[in-house]
Amino acid sequence: MIRRTKIVATLGPASSDVQVIDRLIEAGVDVVRLNFSHGSPEDHVQRAEMVRERARAHGRAIGVLADLQGPKIRIGKFADGKIHLKEGEPFILDIHCSMGDQTRVGVTYPQLVSDVDRGATLLLNDGMIVLWVEKVQGGEIHTRVVQGGELSNSKGINRAGGGLTAPTLTDKDRADIITAAQLEADYLAVSFPRSAADMDEARRLFREAGGHGALVAKIERAEAVDAIEEILAVSEAIMVARGDLGVEIGDAAVPTVQKRIIALAQKHNRLSITATQMMESMIHQPIPTRAEVSDVANAVLDGTDAVMLSAETASGAYPVEAVAAMDRTCREVERHAPSTNTLQIIDRPLAGVDETIAAAALLATLRSSIAAIAAFTESGSTALWLSRANPKVPIYALTPQVYTRRKVTLYRGVHPVNFPQNRHDDPVQVMRAAEDELRRRGAVRDGDLMLITIGEPIGSPGGTNTLKLVRVGDVTHRG
Ligand SMILES: Nc1ncnc2c1ncn2[C@@H]1O[C@H](COP(=O)(O)OP(=O)(O)O)[C@@H](O)[C@H]1O
Ligand SMILES: C=C(OP(=O)(O)O)C(=O)O
Ligand SMILES: [K+]
Ligand SMILES: [Mg+2]
């Protein structure tokens, strides 16, 4: 069975050459994430081009998600790339330091010195390293290591209890939005939004720069959890960004927030990505822990559209194995799990014609054994409605639009298919061609039942109004 939950993999130094990208694609990556917190704009442009070139070679569509850094404070770089901090040692965050060593490191946000005082606790690398502030002296924050460990280049710094003062979109983000538009990002992820206004501002800048992609609100601060409904109203997708979120609201609060916001996204017909530390131990080990497998499985059961890999694929030793571990976990869970939220779409008042068609399609899959759904779509909206209905049957989004094929890579249960069509085509011929295409792909066989959704006129967005139940290979309906 084809996997319904999508896999997002962050690209970095461990996943930048053609061989690794090819293996990631073969292992089943659906969307790549370019993390603008690391690397240069040129690196990201090159990676996006390489991924698209390799995706074409594999006959696949792969989405590109550009993730802005946001107002996150980060440490600078180390001469040796990383150091090892031991409990009890002194360590200095120094705004004038350009190359770090065992005693000190730079910070990206000089104002940090006025934001912290003696007694503050600083959490580095999503809370892995804990520093206690002893004194602030000029441009130096003198700390004592409370919890040590490995500290490498550009790791984030949070203050325990949250409270960042910087605005959501930094000057770097504004420049990176232009790069994201130039590399035709299919998704733009905004870090640390507090409100709908932050998302509106990012969208305005992205559209002004010519960006066509959808917007992802990263839920990673307490204010965003409180403002979740207004943020969902103006975003196509949310990310449960558990790294920073865990630091801000406490790790123990994350699982229930995750469940709540995935359910809300589903209810509002929005997409959701579950992110961070999903297969963390695979940075160093070829197999995941049981706890990590359970974490991925639970996100699938929560109904997330996608599960995400961060350092596992960006800088870890086993990027391909990490994708493979996610892939087998998702498939196994999907085989046994009941389809979540299935009846929600049928129970609630239906808003539009396309939503009604999606509900009818879902009902058909519950009553008959349907092998696949072929959805003709221009903008992807029919595919989104069908995906929100969450049938157990694969949904093939048939579209001539390359942007749409790349966008639906994130939609749970939806698989993009390149399908040329135009408004003068005869609908009967078009549907027959769809049947042949799915048969050619092995998605259906002669004798199977399949559903087709289509609108009139063919090739115009938003017009889906027809649901057809077809027996594959049956010549009588072929007109
Ligand atoms: N483009 C990149 N270049 C270098 N290192 C990267 C890149 N992307 C990710 N990484 C590494 O992987 C780690 C985890 O990835 P991610 O979650 O994307 O970043 P972070 O947690 O730092 O925001 C990063 O801290 C960094 O060490
Ligand atoms: C995905 C996240 O954001 P980033 O990796 O950019 O810090 C997170 O905080 O979980
Ligand atoms: K980021
Ligand atoms: Mg974050």
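# Exercises on a predicted model

At a relative accessibility of 14%, Asn269 counts as buried. The structure is a predicted model.

## Exercise 1. Backbone angles in two loops

Task: State where Asn269 lies and describe its phi angle. Then do the same for the location and phi of Ser154.

Solution.
- Step 1. Asn269 belongs to the loop that runs between helix H9 (254-267) and strand E16 (271-275).
- Step 2. The phi of Asn269 is positive, about 60 degrees, although the residue is not a glycine.
- Step 3. Ser154 sits in the loop between strand E11 (149-152) and strand E12 (156-159). Its phi is near 60 degrees, again a positive value in a residue other than glycine.
- Step 4. The angles merit a note because most residues other than glycine have a negative phi.
- Step 5. Ser154 has a relative accessible area of 12%. The cut-off for buried is under 20%, so Ser154 is buried.

## Exercise 2. The potassium site

Task: Which atoms coordinate the potassium ion (ligand 3), and are Ser37 and Asp67 buried or exposed?

Solution.
- Step 1. The donors are Asn35 (OD1), Ser37 (OG), Asp67 (OD) and Leu68 (O), at 2.8 to 3.1 Å from the potassium ion (ligand 3).
- Step 2. Along the chain these donors follow the spacing N-x1-S-x29-D-L.
- Step 3. Ser37 and Asp67 link distant parts of the chain, being 30 residues apart. Ser37 lies in the loop between strand E2 (31-35) and helix H2 (41-57), while Asp67 lies in strand E3 (residues 63-67).
- Step 4. Ser37 has a relative accessible area of 11% and is buried. Asp67, at 0%, also counts as buried.
- Step 5. A magnesium ion (ligand 4) is 5.8 Å from the potassium ion (ligand 3).

## Exercise 3. The shell around ligand 2

Task: Which residues surround ligand 2, and how do they divide into nonpolar, polar and charged?

Solution.
- Step 1. The surrounding residues are Arg33, Lys72, Arg74, Lys218, Glu220, Met239, Ala241, Arg242, Gly243, Asp244 and Thr276.
- Step 2. Two of the shell residues are nonpolar, two are polar and seven are charged.
- Step 3. Take the contacts to oxygen atoms of ligand 2. A polar side-chain atom of Lys218 is at 2.9 Å, a side-chain N or O atom of Asp244 is at 2.8 Å, and a backbone N or O atom of Arg242 is at 3.2 Å.
- Step 4. Ligand 2 taken alone exposes 290 Å², of which the protein buries 91%.
- Step 5. Strand E15 (237-241) and helix H8 (242-249) are the elements that give two or more residues to this shell. H8 gives the most, with three residues.

## Exercise 4. An aromatic pair

Task: Classify the one aromatic pair in the structure and locate its two members.

Solution.
- Step 1. A pair of rings is described by the distance of the centres and the angle of the planes.
- Step 2. The ring centres of Phe376 and Phe419 are 5.4 Å apart and the planes stand at 70 degrees. The cut-off for edge-to-face is over 60 degrees, so the pair is edge-to-face.
- Step 3. Phe376 is in strand E18 (residues 370-376), and Phe419 is in the loop between strand E20 (414-418) and helix H17 (427-440), 43 residues apart.
- Step 4. Both rings belong to buried residues: Phe376 has 4% relative accessibility and Phe419 has 7%.

Note on methods:
Residues are numbered from 1 along each chain as its sequence is written. Chains are lettered from A and ligands numbered from 1 in the order in which they are written. This is a predicted model: local features need pLDDT of at least 70, side-chain atom pairs count only at pLDDT 80 or more; totals for chains, interfaces and linings use all residues. Side-chain values use heavy atoms; hydrogens and water are left out. Donors are N, O and S atoms within 2.8 Å of the metal (3.2 Å for Na, K and Ca); water is not among the atoms, so sites may look incomplete. Helices (H or I, at least four residues) and strands (E, at least two) are DSSP runs, numbered from the N terminus. Buried means under 20% relative accessible area, exposed over 50%, partly exposed in between (1.4 Å probe, protein chains only). A residue is near a molecule or strand if one of its heavy atoms lies within 4 Å of it. A polar contact is a pair of N or O atoms within 3.5 Å; within protein, one must be able to donate a hydrogen and the other to accept it, and residues adjacent in sequence count only if both atoms are side-chain atoms. Accessible areas come from the Shrake-Rupley method with a 1.4 Å probe; for residues, only the protein chains shown count as cover. Ala, Val, Leu, Ile, Met, Phe, Trp, Tyr, Cys and Pro count as nonpolar, Asp, Glu, Lys and Arg as charged, and the others, Gly among them, as polar. Rings of Phe, Tyr and Trp (its six-membered ring) pair if their centres lie within 6.5 Å; planes under 30 degrees apart count as stacked, over 60 as edge-to-face and the rest as tilted.
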